[in-house]
There are 2 protein chains.
Amino acid sequence: MAQNPDNLLNNRNIKPTAMRELVLKVLTEQTTAISLAELEHKFHKADKVTLFRTLKTFEENKLIHSIDDGTGSVKYALCTESCQCNPDDLHVHFFCTLCHHTFCLNDIPIPSVNLPVHFNLESISMVVKGICSNCKK
Amino acid sequence: MAQNPDNLLNNRNIKPTAMRELVLKVLTEQTTAISLAELEHKFHKADKVTLFRTLKTFEENKLIHSIDDGTGSVKYALCTESCQCNPDDLHVHFFCTLCHHTFCLNDIPIPSVNLPVHFNLESISMVVKGICSNCKK
DNA sequence: AAAGTTCATGCAACCAAGTTGCAAAGTTAC
DNA sequence: GTAACTTTGCAACTTGGTTGCATGAACTTT
Ligand SMILES: [Mn+2]
Ligand SMILES: [Mn+2]
Ligand SMILES: [Zn+2]
Ligand SMILES: [Zn+2]
């Protein structure tokens with residue numbers, strides 16, 4: 001079931017300010033993850049720092065997660081409603097080397113890996129690079 | 001069989017200058033991956049840019065590979081002799097959140113993953129974060 | 001051997017992304 | 001309405017990485 005924006009914010013204990021609602025709206029409209037710089041381009045009035053801090057607040061409260069796709073700029077995407085960003089909640093990300101979009105492959109959990117003895121897992125990230133279905137002809 | 005430094009360089013078609021031999025020596029002495037800044041600290045005389053370009057040359061010729069462990073500074077480690085940095089050659093990396101060292105888990109290949117239809121894989125990276133065996137008591 | 005060519009190195013300056021400090025504006029509590 | 005707290009905006013800074021360019025070393029050609 002779809003949530004209205006204020007519910008999404010309230011559910012994550014984020015005070016719903018005008019700015020935050022606008023940022024959340026942009027985030028829900030994305031089909032791929034978005035960087036701070038890209039987010040900035042979507043606004044003419046808002047300051048980069050405010051957007052930065054908004055994303056930080058969202059991430060701290062697990063409304064969004066960040067993705068380091070190796071391009072040098074961190075991408076952000078909405079978490080699923082039940083996501084707590086535990087290792088179990090994590091999914092694979094895909095970076096298209098043609099269109100430079102970063103996809104959440106929400107249906108593809110990160111495969112488990114056997115670490116050497118006495119190595120302890122806290123979190124894990126998996127980024128696949130290649131050509132996305134839009135760019136593949 | 002261990003190779004002497006010049007052979008390692010020659011095998012990868014890298015002209016063996018004094019600087020490159022020194023950098024290679026440092027790299028072979030590492031048990032964990034090293035950043036440009038860390039490498040710089042190992043020299044009192046060499047310029048950061050020279051070290052940067054040395055690493056770049058090494059990487060382009062697949063003598064070393066770079067690791068984006070999510071810390072914001074890229075790490076570098078020697079490739080195995082046969083490595084061509086193909087998807088098949090890739091291994092899992094481990095970043096210890098206590099000692100902040102980045103390990104090549106050379107024996108742990110990256111598990112294969114089924115991508116959505118029409119997504120095409122070129123390369124893949126997997127970084128596990130947690131506590132390493134040295135830090136685990 | 002001298003001159004030309006290529007490549008490596010060093011210094012300075014630049015760049016992009018992210019981050020901090022602080023004051024002004026807005027919001028909530030009393 | 002005033003005080004306390006939170007959010008926002010501007011400026012300035014930090015870090016890691018990168019480029020431009022001049023000097024210097026090392027091979028190549030004649
Ligand atoms: Mn995602
Ligand atoms: Mn490695
Ligand atoms: Zn694409
Ligand atoms: Zn450790």
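This note sets out points on the metal sites, the symmetry and the DNA contacts of a predicted model.

1. Basis. In this predicted model, local features need pLDDT of at least 70 and side-chain atom pairs count only at pLDDT 80 or more, while totals for chains, interfaces and linings use all residues. Residues are numbered from 1 along each chain as its sequence is written, chains are lettered from A and ligands numbered from 1 in the order in which they are written, and side-chain values use heavy atoms, with hydrogens and water left out.

2. Manganese ion (ligand 1). His65(A), His91(A) and His93(A), each through NE2, and Cys104(A), through SG, are the protein donors, at 2.0 to 2.2 Å from the ion. Donors are N, O and S atoms within 2.8 Å of the metal (3.2 Å for Na, K and Ca); water is not among the atoms, so sites may look incomplete. Along the chain the donor spacing is H-x25-H-x1-H-x10-C. Because His93(A) belongs to strand S4 (residues 91-96) and Cys104(A) to strand S5 (residues 102-109) of chain A, the pair ties together parts 11 residues apart in sequence. Strands (E, at least two residues) and helices (H or I, at least four) are DSSP runs, numbered from the N terminus.

3. Accessibility at this site. His93(A) is buried at 9% relative accessibility, whereas Cys104(A), at 21%, is partly exposed. Buried means under 20% relative accessible area, exposed over 50%, and partly exposed in between (1.4 Å probe, protein chains only).

4. Manganese ion (ligand 2). The protein donors here are His65(B), His91(B) and His93(B) (NE2) and Cys104(B) (SG), again lying 2.0 to 2.2 Å from the ion. His91(B) and His93(B) are both buried.

5. Symmetry. Chain A superposes on chain B by a rotation of 180° with 0.0 Å of shift along the axis, at an RMSD of 0.1 Å. This is the relation of a two-fold axis. The superposition is by least squares on the C-alpha atoms of residues with pLDDT of at least 70 in both copies. Within chain A, Met126(A) comes closest to the axis, at 2.2 Å (C-alpha).

6. DNA strand D. The strand is surrounded by 15 residues, the closest being Thr17(A), Met19(A), Arg53(A), Phe52(B) and Val74(B); a residue is near the strand if one of its heavy atoms lies within 4 Å of it. H4(B) supplies the largest share of this surface, four residues.

7. Specific atom pairs. A polar side-chain atom of Thr17(A) lies 2.8 Å from a phosphate oxygen of DNA strand D. The side chain of Arg53(A) places an N or O atom 2.4 Å from a base oxygen of the strand. For Lys48(B), a side-chain N or O atom is 2.9 Å from a base nitrogen.

Technical notes
Polar contact = N/O pair within 3.5 Å; in protein donor to acceptor, adjacent residues only side chain to side chain.
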